[in-house]
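Please look at the sequence and the model shown below, and then follow the report from a pocket to the ring pairs and the salt bridges.

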Amino acid sequence: MKMKLIRLLIAISVMLFVNVESPSVTAADFSNEATEEVPADKIVVSDKLMIEPKKVHAGEQVSFKLALPEENDYETIILSYLSSETKTEVDVTLTYDSEKKLYEGILKTGNDTNVGIWQFTKAVGIDKNKGVNVLETTPLTSEIEELKQGDFEVIPHPTSVLDLPSIKVEPKPVKIGETLQFSMKSIKNVALTNVTVVYRSSIENNEKTDQRLTLSLTYNEETKEYEEKFAAIAPDLIGDWVIEYISASDANGNPYKLFNQFVIEWDKEKVQKQINELNAQLIKEQSVEELEVTAIQEKNAVLKETIKKLEATIAAKEKLLQENLSIGNFTIEENLVEEEIDPIIDEEIPAENEESLAETESTNSLTNPNPAVNKEEAVTDLADKQKNEAGSSSTASESKSANEESNQLVNKTSIGDEPVIDEKTDVMKLSKGSLLIVLAAFIIINGFIFKF
């Protein structure tokens, strides 16, 4: 009896073991088949991504474009990126443009954006029903590799490399013929190459706005500065000058270019003025009734295309990295020279001409009753006489004889070597004395003739 019971228990155990084992195997086989299947919406996105630029400065924006087959009807696609340096994550949303048949999006970086490679990790598509489908995932590696198709790199902002407050321009202002010296430093003595500063003439001189002055800087080991001298400033450079941009490259070959806000705003204003003029012309053309409708349409099409290009120019200007660079402004001025005075007056009068000068003064004292006649007038007369000496030698001789006779009369009436106090009184006395002498001689001669 006991043996029958034991056999029954063993049979029941075997049956239970077989029934439990069979479902377990079937489940395992289903799981294996599921892992081998590829979802219908599985798409390789990274190889189709167009990223511009692949290497961007902090503060610039990165544009993304993606072209997918038309049967993939997604409203938006979200790209996920991971910083290789800090492991920070960021998402980029692409929206579909039906005209271009592209998914497009923009990532705006800032000065605080992590520098380094940003790796593409995942792409997710969202359809019209808000259904979420994972399109692609990529495995991450611990080693930093070269940029893949879907990756991009962020390099420092130019202000992290260029030490703008160190900019010096000497002298201020600089004059024609002088030497202009420009110098600046890099942040933390970062090694730079191809350091260039491009100047532009001030907007106040409208006719000179296209003039540019380029300075190529070299590193000075002693001063630890990048320097350049611009010698012999030419007259055609007179006016105010402002920095248009500064460019350089670091040791890794990364380029840096920083524009002046002032110049960018000025350029945008000029382009906007052109756009306004073209829009006014377009409105005028559209309001004119002419028989040549086709010609008007073609002309309007050209105007619209030109306006579109100018608007694109403004948009491109706004994307440029820019800062206030007014610290580098300078002015070139004309070198004013004092007018030269007649060298005959400045030079010391030769000893041989002192006698002529004395004779001129003596003549003036007899012929000019005004005592205000001074030595400067005499010197001027003498200078004029010397300039015309070649053509008036005979006149000079007669003048000299007349002066000698006048001096003899003065010497006869003067007492000793005392100075003449009142010239007018002496002249009057001389005249009266001469009349008395002539009168006395007349009387004596008449008396003598009458006696005989």
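In this predicted model, the second largest pocket is lined by 16 residues, and those that lie nearest its centre are Pro53, Glu60, Gln61, Lys319 and Leu320. The volume of this second largest pocket is about 400 Å³. Three elements, namely strand 3 (61-66), strand 18 (255-260) and helix 3 (293-319), each supply at least two residues of the lining, and strand 3 gives the most, with 3 residues. Sorted by character, the lining of the second largest pocket holds 5 nonpolar, 5 polar and 6 charged residues.

**Aromatic pairs**

Strand 3 also takes part in contacts between rings. A search of the whole structure finds 10 aromatic pairs, and one of them is formed by Phe64 and Phe152, which meet edge-to-face with 5.9 Å from centre to centre and 75 degrees between the planes. This pair links distant parts of the chain, since Phe64 belongs to strand 3 and Phe152 to strand 9 (residues 152-155), 88 residues apart. Phe64 counts as buried because its relative accessibility is 1%, and Phe152, at 1% relative accessibility, counts as buried too.

Phe152 has another ring partner in Tyr81: the centres of the two rings are 5.1 Å apart and their planes stand at 65 degrees, so this pair is edge-to-face. Because Tyr81 lies in strand 4 (residues 76-83) and Phe152 in strand 9, the pair ties together parts that are 71 residues apart in sequence. Tyr81 is buried, as is Phe152. Through ring pairs, Phe64, Tyr81, Trp118, Phe120 and Phe152 are linked into a cluster.

A ring can also meet a charge, and here the charged end of Lys257 sits over the ring of Tyr245, 4.3 Å from its centre.

**Salt bridges**

The structure holds 11 salt bridges, and the table lists some of them with the distance between N and O.

| Salt bridge | N to O distance |
|---|---|
| Glu225 and Lys168 | 3.7 Å |
| Arg200 and Glu244 | 3.6 Å |
| Asp267 and Arg200 | 3.0 Å |

Which parts of the chain does the salt bridge of Glu225 and Lys168 link? The side chains of Glu225 and Lys168 meet in this salt bridge, and the pair links distant parts, with Glu225 in strand 16 (residues 225-230) and Lys168 in strand 10 (residues 162-170), 57 residues apart. Glu225 has a relative accessible area of 9% and is therefore buried, whereas Lys168, with a relative accessible area of 39%, is partly exposed.

Arg200 appears in the table with Glu244 and again with Asp267. For the salt bridge between Arg200 and Glu244, Arg200 lies in strand 13 (residues 192-201) and Glu244 in strand 17 (residues 239-250), so the pair ties together parts that are 44 residues apart in sequence. Arg200 counts as buried at 4% relative accessibility, and Glu244 is buried with a relative accessible area of 9%.

In the salt bridge between Asp267 and Arg200, Asp267 comes from helix 2 (residues 261-287) and Arg200 from strand 13, and this pair links distant parts of the chain, 67 residues apart. Asp267 counts as buried because its relative accessibility is 8%. Salt bridges that share partners join Arg200, Arg212, Glu244, Asp267 and Lys317 into one network.

Technical notes: Residues numbered from 1 in each chain as written. Predicted model: local features only at pLDDT ≥ 70, side-chain atom pairs only at ≥ 80, totals over all residues. Heavy atoms only, no water. 1 Å grid on protein atoms, 1.4 Å probe; cavity = no way out; pocket = protein on both sides within 12 Å on 5 of 7 lines; lining within 4 Å. Points joined across faces, edges and corners; volume = space filled by probe spheres on them. Helix = DSSP H or I, 4+ residues; strand = E, 2+ residues; numbered from the N terminus. Nonpolar A, V, L, I, M, F, W, Y, C, P; charged D, E, K, R; others polar. Phe/Tyr/Trp six-rings, centres within 6.5 Å; stacked < 30°, edge-to-face > 60°. Buried < 20%, exposed > 50% of the residue type's maximum accessible area, 1.4 Å probe, protein only. Lys NZ or Arg CZ within 6 Å of the ring centre and 35° of its normal. Salt bridge = Lys/Arg side-chain N within 4 Å of Asp/Glu carboxyl O.
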